Amino acid sequence: MRARLSLGKRGSVWTTAVRTPVGACSAVLLVLVIALSVLAPLFWGDGAAVVDTDAIGQGASAAHPFGTDALGRDIFLRTLVATRLSVGLAVLATVIGVGAGVVLGSLPAVLPRWAARLLTSAIDIAVAFPGLLLALFFAVIFGVGTHGAVLAIAFAMAPAFARLVQTLSASVAGRDFIAAARVSGVGRIRLLARHVLPNIGEPLVVNATIGAGSSLLAFAGLSFLGIGVQAPDYDWGRLLREGLDGIYVTPVAALAPAVAVVLAGLAFNLVGETVAAVVGVRSRAARRASGPLPAPRPAVAEEPADDAVLVVENLQVAFPRAGGWTVPVRGLSFTVRAGEAIGVVGESGSGKSLTALAVSRLIELPGVVTADRLEFAGTPVEQASDRDLGTALAMVFQDPMTSFNPARRVGRQLAEVSEQHHGLSRRAAFARAIDRLTAVRIPAAARRARQYPHEFSGGMRQRAMIGMGLMGAPKLVIADEPTTALDVTVQRQVLRLLARTREAEGAAILLISHDIAVVSQTCDRMLVMYAGRIVEDLPTGSPAQHPYTRALLATTVDLDTTRDEPLAVIPGRPPEPDQVPDGCAFAPRCPLASERCRTEDPALARAGDGHRVACWHPQVSVLSGRSRKEGAA
Ligand SMILES: Nc1ncnc2c1ncn2[C@@H]1O[C@H](COP(=O)(O)OP(=O)(O)OP(=O)(O)O)[C@@H](O)[C@H]1O
């Protein structure tokens with residue numbers, strides 16, 4: 001399987017964008033507009049001002065391709081020279097408008113509640129007015145002329161930007177890092193400047209670029225109406241107005257400024273589209289990867305099993321980074337058989353969740369998932385239909401609060417699965433949802449099904465999430481730290497429920513957990529992960545052979561733990577995914593590490609019946625701390 005996004009180097013994102021038809025047009029038009037703004041007044045400023053009483057109101061000719069005006073001045077030259085004023089004023093109005101919009105949109109976040117509501121309502125009312133109407137209104141207030149028109153257009157566009165800033169800020173305001181900054185005492189203004197605005201900058205830039213095109217048109221409109229640029233200055237709007245006066249005699253006179261307005265407006269809008277495309281790619285990816293993906297490290301694949309639900313061979317998950325790849329999952333091979341319960345353990349960052357996401361086809365771009373074989377229920381995962389995956393594979397996430405849509409009733413969310421995948425009617429699907437909530441021991445399921453997720457306790461939400469997985473007939477339930485957010489009593493209920501699901505539905509379970517004790521009690525087999533690899537795959541109850549597994553076991557605390565001895569710890573920290581050493585990744589923390597461990601990475605090799613281990617010195621470790629539990633998984 002290979003799901004790979006073609007990504008270039010950082011600099012080449014713009015090059016790639018410019019190679020698209022829209023990008024190429026926008027680049028050409030933008031260069032033309034900028035060049036004319038800078039050069040036209042220098043080269044043709046004088047020529048455009050020459051009055052020729054012998055050539056008044058002429059039509060198109062070789063000397064004057066777009067004719068002459070009422071004073072015999074060349075309209076083509078005047079159109080070229082007017083580029084600077086037309087574009088310059090539009091950009092100025094946009095800068096002021098966007099600045100005012102950002103200030104207005106940010107203020108509600110720092111004002112007292114009543115003032116914020118007042119301001120928000122005022123912005124909402126202003127947004128409801130057509131922009132040109134607002135511009136005319138402000139033009140009357142600020143007075144006829146260039147300055148008045150700039151301010152009028154700027155203030156007319158400010159409410160729309162203020163609304164945009166408010167909406168974008170609201171989407172960021174609920175994020176955990178904002179809450180964390182608040183709790184750590186960061187003031188409102190600093191919070192806004194340091195934490196909110198930098199996270200909404202990209203869409204603002206895109207909208208500002210497109211907004212510049214609109215303000216160019218608006219400016220031409222005001223000048224056309226006689227309340228923008230005043231004589232002797234002239235912009236495209238004024239030239240259009242003058243051309244219109246003689247449209248029946250010399251129609252071509254209005255053509256040059258009209259074409260200029262259209263082309264410049266198009267230039268801004270296409271540049272906006274191109275920026276949006278590049279920014280869109282950016283926000284999806286740190287697209288700076290280069291070079292081929294590293295080859296996954298070798299592992300002994302398991303014997304093919306007839307009743308395998310999930311077959312994974314050489315699974316690798318990689319993310320692009322500057323000048324290369326980060327590979328947090330480096331060549332995993334394992335099989336899950338029907339009805340089997342497998343635990344995946346390992347320290348934080350070992351790649352457990354990414355493995356689960358890769359198996360469920362949930363790795364987002366720019367992540368790249370590759371595998372020699374990745375099959376679910378006999379079908380390659382990338383070919384499985386959404387319907388098959390949606391009904392046969394259930395996923396239980398760590399935080400059930402964020403897994404449910406807070407705006408929909410729990411029962412309806414469960415019912416959606418059956419409506420979508422089984423074609424059940426709304427009523428029948430809801431009845432099944434109630435039945436499934438009963439199956440996962442939600443008390444008063446019919447009433448609870450009509451409640452919202454926030455009305456459920458954490459444990460109930462988690463059980464409801466499992467219930468959602470049971471709306472179909474799951475062959476595999478992947479539970480990623482399903483009990484981490486729950487207290488121990490509820491943890492137990494959820495684990496029991498998973499065990500019952502396995503018995504009742506015959507579903508295999510892939511249980512991801514930090515807690516090796518939980519996995520030992522709940523699962524038939526455990527996969528021990530370290531730095532993106534499986535270092536040991538053993539039946540629970542078999543003596544562990546890898547020093548890391550033994551160290552993990554030694555760190556578990558239970559009622560037998562001797563209280564007068566210090567708790568066992570594993571010294572050091574796991575390596576970052578892009579700093580994994582050449583040899584065995586655990587070697588820097590392993591007391592048994594030899595020179596060979598530091599240079600050669602051991603493959604996951606067979607070490608007994610149903611037991612695989614990746615270690616040069618299996619079974620012989622005696623680590624610091626209590627050795628009491630070692631070897632007894
Ligand atoms: N989108 C991403 N881009 C780059 N690196 C990532 C991305 N997602 C995860 N990683 C890295 O991959 C590594 C493994 O992440 P993963 O979430 O699978 O770990 P885990 O074992 O499930 O940890 P935990 O138990 O804390 O959830 C981490 O070091 C993480 O920083």
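## Confidence in the model

pLDDT is the predictor's confidence in each residue, on a scale from 0 to 100. With that in hand, one stretch to treat with care is residues 283–290, where pLDDT stays under 50. The model has 30 contacts beyond four places in sequence for residues 283–290. Residues 1–11 also stay under 50, and for these the model has 26 contacts beyond four places in sequence.

What you are looking at is a predicted model. Its mean pLDDT is 82, and 90% of the residues reach 70 or more. For the complex, the predictor gives an ipTM of 0.95 and a pTM of 0.64.

## The overall picture

Welcome to a protein with 21 helices and 14 strands. Of its 633 residues, 44% are buried. Among contacts with a separation of 6 or more, 69% join residues that are 24 or more positions apart.

## Transmembrane regions in the record

An unreviewed UniProt entry places the feature "transmembrane region" at residues 21–44, 87–111, 204–227 and 247–280. Two of these stretches can be compared with the model's helices. Residues 21–44 are 100% helix and 0% strand, and the C-alpha atoms at the two ends are 32 Å apart. Residues 204–227 are 88% helix and 0% strand, with the end C-alpha atoms 29 Å apart.

## Around the ligand

Which residues come nearest to the ligand? They are P328, S348, G349, S353 and L354, out of the 14 residues around the ligand. By class, this shell has 4 nonpolar, 9 polar and 1 charged residues.

Two elements, β3 (324–337) and α11 (352–359), each supply at least two residues of the shell. The helix α11 gives the most, with 3 residues.

## Helix α11 and the loop before it

Is α11 mostly covered or mostly open? It is mostly covered, with 7 of its 8 residues buried. The buried ones are K352, S353, L354, T355, A356, A358 and V359. S353 and L354 have already appeared among the residues that come nearest to the ligand. After α11 comes R361, whose phi is positive, near 65°.

Just ahead of the helix, G351 lies in the loop between β4 (341–345) and α11. Why does G351 count as buried? It counts as buried because it has 24 C-beta neighbours inside 10 Å, and the cut-off for being buried is 20 or more. Leaving aside residues up to four places away in sequence, G351 touches P328, V329, M529 and G532. P328 is another of the residues that come nearest to the ligand. G351 and Y530 are 179 residues apart along the chain, yet their C-alpha atoms are separated by 7.8 Å.

## A covered strand, β9

Strand β9 (residues 476–480) is also mostly covered, with 5 of its 5 residues buried. L476, I478 and D480 point one way from the strand, while V477 and A479 point the other way. Residues on both faces are buried.

What does β9 pair with? It pairs in the parallel sense with strand β8 (residues 393–396) over 4 bridges, and in the parallel sense with strand β10 (residues 508–513) over 5 bridges. To find these pairings in the structure, you can start from V396, whose bridge partner in β9 is A479. Then look at L476, whose bridge partner in β10 is A508.

How values were computed:
Residues numbered from 1 in each chain as written. Predicted model: local features only at pLDDT ≥ 70, side-chain atom pairs only at ≥ 80, totals over all residues. Buried ≥ 20, exposed ≤ 12 C-beta atoms within 10 Å, placed from the backbone. Contact = placed C-beta atoms within 7 Å. Near = placed C-beta within 6 Å. Nonpolar A, V, L, I, M, F, W, Y, C, P; charged D, E, K, R; others polar. UniProt positions renumbered as here; feature names shortened; annotations may be inferred. Pairing = 2+ DSSP bridges.
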